[in-house]
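Trainee: I keep meeting labels in structure notes and would like to know where they come from. Could we go through a few together?

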Amino acid sequence: MMKIICYGVRPNEVEYFKHLNKYNYDLTLIEDLLTDENIQTAQGHDAVLLRANCSAHADNLKYMKDCGIDYVFTRTVGFSHIDLEAAKALDIKVAHVPRYSPNAIAELSVTLAMNLLRNVPFTLERTSRHDMRVDPEMFSREIRNCTVGVYGTGKIGLTEAKLFKGLGARVIGYDIFESEAAKEVVDFVELDELLRESDIVSLHIPHIPEENDEMVNETFISKMKNNAILINTARGELQSNAAIVKAIKEQQLGGFGTDVLPNEAEVFFKKFSEENPIPDASAADLIDLYPRVLVTPHIGSNTDEALANMIETSFQNFKDVLETGHSDNLV
């Protein structure tokens with residue numbers, strides 16, 4: 001029986017791992033992410049299953065290989081937390097989950113955008129202090145009178161576009177690949193036009209190192225409609241926190257919602273305090289702009305459907321590699 005140690009398994013996920021274990025793997029479920037401090041827990045296992053922000057760098061991979069581990073898989077789409085060159089040199093197979101429920105991310109994008117559009121966080125912060133007065137800041141446009149620009153119209157972006165269109169919004173899109181499916185939902189325009197026309201801009205594009213790092217910078221924001229809302233549930237490396245902070249403070253951006261941050265491993269999944277502040281000052285500056293800035297700690301895929309998809313695909317990846325030596329999801 002294959003012994004798999006799974007890192008980053010939250011308490012609410014335990015039953016999913018057990019229920020979906022149809023191949024009867026011997027599972028060890030660890031709530032903590034894989035770190036240099038707990039790498040020894042991998043001993044005695046045949047395989048490892050990671051999630052984002054686990055530390056699968058060269059030294060940890062070497063340790064695992066020395067323990068007899070030949071499979072280091074991740075239940076995420078991204079695999080930048082695994083040193084692929086080191087894995088190849090060590091003859092460790094790496095697989096990922098190329099897709100899961102697009103609704104998970106799309107619904108969060110819509111939720112963040114609608115909260116900012118209707119000024120819900122601002123209003124709730126007031127009423128939580130028993131202040132029931134109606135403030136001019138609570139005035140809102142209706143979504144059906146807005147234009148939503150979706151930058152990246154793959155599965156997630158297209159799902160979000162359908163949701164916004166169902167709410168009555170005009171939806172425009174930009175993508176280097178204009179799929180026929182997306183053409184049925186969005187009106188494709190050039191990027192500058194999308195930024196100029198949109199009341200809400202939502203990002204759904206991959207991060208390509210050294211090509212679109214900090215793409216959302218002062219120049220990008222200057223092309224946006226004044227007081228527009230920006231949403232990023234794609235990758236944190238796409239954004240310059242400093243540029244967004246400046247735009248919010250100067251009232252250039254009406255609001256910003258994000259589920260991702262640059263260098264988010266330093267910030268997410270930890271609790272901070274005055275005695276133990278957030279180490280990334282730019283992230284702290286951004287978070288402190290609540291309620292005009294909404295930050296969620298990478299919970300886009302934290303839904304029942306997406307979780308089931310990720311676990312099922314990961315377990316199938318192990319089965320395929322064990323039985324055939326190959327999986328379509330090897331990287």
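Trainee: What phi does G168 take, just after α6?

Mentor: G168 takes a positive phi of about 100°. Before we go on, this is a predicted model, where local features need pLDDT of at least 70, side-chain atom pairs count only at pLDDT 80 or more, and totals for chains, interfaces and linings use all residues. Residues are numbered from 1 along each chain as its sequence is written, and side-chain values use heavy atoms, leaving out hydrogens and water.

Trainee: What makes α6 a helix?

Mentor: Helices are DSSP runs of H or I with at least four residues, numbered from the N terminus, while strands are runs of E with at least two. Helix α6, residues 155–166, has twelve residues.

Trainee: Why is C6 called buried?

Mentor: Buried means under 20% relative accessible area, exposed over 50%, and partly exposed in between (1.4 Å probe, protein chains only). C6 has a relative accessible area of 1%, so C6 is buried.

Trainee: And what about C67, with 25%?

Mentor: That value lies between the cut-offs, so C67 is partly exposed.

Trainee: How do you know that the structure holds zero disulfides?

Mentor: A disulfide is a pair of cysteine sulfur atoms within 2.5 Å. The sulfur of C6 is 10 Å from the closest cysteine sulfur, in C54, so that is too far for a bond. For C67 the closest cysteine sulfur is also in C54, at 16 Å, again too far.

Trainee: What makes β1 and β2 a pair?

Mentor: Two strands pair if DSSP finds at least two bridges between them. Five bridges join β1 (residues 3–7) to β2 (residues 26–30), so these parallel strands pair.

Note on methods
The expected span of a helix is 1.5 Å times one less than its number of residues.
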